[in-house]
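Student: Please look closely at one single part of this model and explain how it sits in the chain. I would like the cut-offs stated along the way.

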Amino acid sequence: MQFSTKINAVRGFENLQSEILRQLFEVIPAQEGAVILTDADGDLAEIFGLNRQNPNDPVNLSRTIVNRVLQEKIAVLVNDLASDKLLGQAESLVVSMTSSALCVSLILFEKTLGVIYLATNQARSRFDQGHLRFLMAIAGISAVALENARNLEFLELENAWLREEIPIECNMLG
């Protein structure tokens, strides 16, 4: 409930993505996270990442995990990535020394908008099924807020364009 109230009070698409990640960091021991959005064709369109300790640092993502979640529409929880047969060889995970990752789809009306990705390189900060269930619930709430913010941003740009293109005469009588 508190999460929903906080993200619904945020104006601006980038601010919304930042607030979603900040709220998740309060509950899930992730070192970094990202909101990754797709376009109408399902291709990666926008990535907003946030590092918990230094917001200016880049965020390392596993394309392998993100693509798997997008293609298979599943949630992924992986601990001890180094010993995982499929993901242990992913260069991005090896370079970033990621030990645990969570990734879930952002789905609204059976349409995949993108994913939320969380990771840590702290071996003592393992993710569990409770974190996964919480992230899945938050992803549902976030999908609605993100789509509303995306639509609002589009309408504001469209409105500005129309105001430029169509001069409105204000010669009203009466």
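Tutor: Among contacts (heavy atoms within 4.5 Å) between residues at least 6 apart in sequence, 61% join residues at least 24 apart. This is a predicted model, in which local features need pLDDT of at least 70 and side-chain atom pairs count only at pLDDT 80 or more, whereas totals for chains, interfaces and linings use all residues. Residues are numbered from 1 along each chain as its sequence is written, and side-chain values use heavy atoms, without hydrogens or water.

The chain has 174 residues, 40% of them buried (under 20% relative accessible area with a 1.4 Å probe, protein chains only; exposed is over 50%, partly exposed in between). It holds five helices and five strands (DSSP runs, H or I of at least four residues for helices and E of at least two for strands, numbered from the N terminus), and from the N terminus on these elements follow the order α-α-β-β-α-β-α-β-β-α.

The part I would single out is helix α3, which spans residues 63-72 and buries I65, V66, V69 and L70. Seen down the helix axis, these buried residues of α3 fall within an arc of 125°, so they line one face of the helix; the arc is taken from the directions from the axis to the C-beta atoms. An α-helix has 3.6 residues a turn, so residues three or four places apart point the same way. On the face of α3 turned away from its buried side are the exposed residues R63 and Q71. After α3 comes K73, whose phi is positive, near 50°.
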